[in-house]
Amino acid sequence: FQRTEAPRPPGGKDLHAYPWDKSSLKSMPVDLQQFEKLDAYALKVNVKNSVEELVTALLKQARTDLEKVRAIWMWICHHIEYDVVGYHNKSQLSSKPIDMLQTGKSICEGYAGLFEQMCSIAGIQCMKLSGYSKGYGYKMGQTFTGDSDHAWNAVYLDGRWHLLDSTWGSGAVDDSFTKFTFRYNEFYFLTHPALFINNHFPDNSNWQLLKPTLTLKDFENNMLHNSNFYTLGLLTAEPQTAVIRTVNGKASVSVDCRSATLFKFELKGTDEHGLMTLKKHGMKLDIYPQKTGSHKLQIFAKPSKASEDVYNCVLEYVVECESVDKAMRFPKGLHQPVGPSWFTERQGFLRPSHPDPIIHTNDGRCSLTFTLGKDISVLALLHCDNSSLTEDKRRQHIMQIHRGNQIELKIHLPHAGNFVLKIYAKKKSDPGNYDYVFNYLITCLNTEVKWPAFPQVYSKWAEDYEILEPLSGLLPANRNVQFKLKMHGIAKVLVLADDTHSLTQSRGCWEGTCNTSGCSEVFVMVQENANHSFYSHVLKYEVESQ
């Protein structure tokens, strides 16, 4: 082993542009698959007598300088645990490399010192750096004063300086700072300097390896993106400051990402006071806190392909709310995200007529259409917080109309207010239950609105039948009512009131009138086969009381 000459200070060719150019998470090309054998070997090395012997053993499988640094990095990250006891009681703490090998414990100072010594023995230039960090105990928006609180390393590879942090690569301490858990984190190996600056601010700004360099004030104000943010393929988040002030009771956050990602959020531990929509490359969130003061906002994410339902926290903000927008109180049944997205497309709902999450209606009526990309049955429900109607009754305020692979949902609201339209689906070939797919928020401020339900539909009413009139499920008393129904493949249609009326077929529709006097209900019945005298109920109307 040759001892290394004095390291050169960082200069022009070491610098990376800031802000991050979204190219790579690392400062040099690294193929992790090529490290698999070396990583496995380094984890198994078990030498505790001297640092020299340990390095000798590790380098048996390493040829290039990059491989040597990798072997040292892997060994430290998997064999040295953070000394939470020593951190609290400095007299029990040793950062001497040989003591660390014996105890297998240290704090950041020791990790960085051991890394520097092992690189030096391996003939690789390495510097121990110190500075401020946004690590354990960091509070959003805080300022940094006094001595530095963390240590990490720079290594010289392929003619350039690169940054790494083996303390944070090895695992994490719990919130009470009493327990350390080994949890390897690849992110902190040769991290791109424009990302490293996110939570590492060196005493000597040249070691940011950035052009331009950031001031301490920039560092304090900048949004903290933890490593999950980048490892999940997220690119940027707006706003870029940790504290957001509401404007007229509203605050907005958006995230851009490379590939389809699912998101969740919590404002003071609940997702009730917001409206989140998924975008093809990210998400948008509008927050409407219902109390003034400062609130913690957390955003979680997981890749859409992930099998387990584990969301990782990727962003934290503080929302300062000065005034509350009471009009934006959402119904409890509203489920995040709201509105259609790439996710609902995957479930078979294509080309939505309403791409936005909120549908405003002044007269209490609206109509949504989708093209169904799969052979699915759809179930739609209306939910409202303080409605006197049962779920079954509210369900009758939605009518489904199918035309080929198009579905229309006609909605007549029973009263003004905020409603959640919940949409479920299942494969037609599937006998099981419907699965929830997505929901919309429907708002109607017009207090005059009071639409009756649609007629009740029986199981014999085929999916592609259509009611042209009467759409109202409540018919006027003592009146002649015109019927026009689109139905095919049947022999005869009767309308059963006090008397029986036959409808006649013309141009694909069954038409006729019926008188509602003397009855409280009207049924429509069909005879499917002219040779049988059997009739099935397909529709039921109520008649207004006298």
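This briefing describes the nonpolar cores of the structure and the strand pairing around β35. The model is predicted, so local features need pLDDT of at least 70 and side-chain atom pairs count only at pLDDT 80 or more, whereas totals for chains, interfaces and linings use all residues. Residues are numbered from 1 along each chain as its sequence is written, and side-chain values use heavy atoms, with hydrogens and water left out.

**Nonpolar cores**

- The largest nonpolar core (buried Ala, Val, Leu, Ile, Met, Phe, Trp, Tyr and Cys residues joined through side-chain atoms within 4.5 Å) has 100 residues, and those with the most contacts inside it are Phe115, Phe263 and Ile299.
- Helix α3 (residues 65–79) gives the largest share of this core, nine residues, where a helix is a DSSP run of H or I with at least four residues and a strand a run of E with at least two, numbered from the N terminus.
- Because domain 1 (32–210) and domain 2 (231–321) both give residues to this core, it lies between them; the domain bounds come from an automatic or database domain assignment.
- Another core, of 27 residues, lies apart from it and includes Phe454, Leu503, Cys519 and Val524.

**Strand β35 and its partners**

- Six of the eight residues of strand β35 (residues 536–543) are buried, meaning under 20% relative accessible area with a 1.4 Å probe, protein chains only.
- Strand β34 (residues 521–527) runs antiparallel to β35 and is joined to it by six bridges, pairing being assigned if DSSP finds at least two bridges between two strands; here Val526 stands opposite Ser536.
- Strand β29 (residues 474–475) pairs with β35 in the parallel sense over two bridges, and Leu474 stands opposite Glu542.

Terms used:
Buried means under 20% relative accessible area, exposed over 50%, partly exposed in between (1.4 Å probe, protein chains only).
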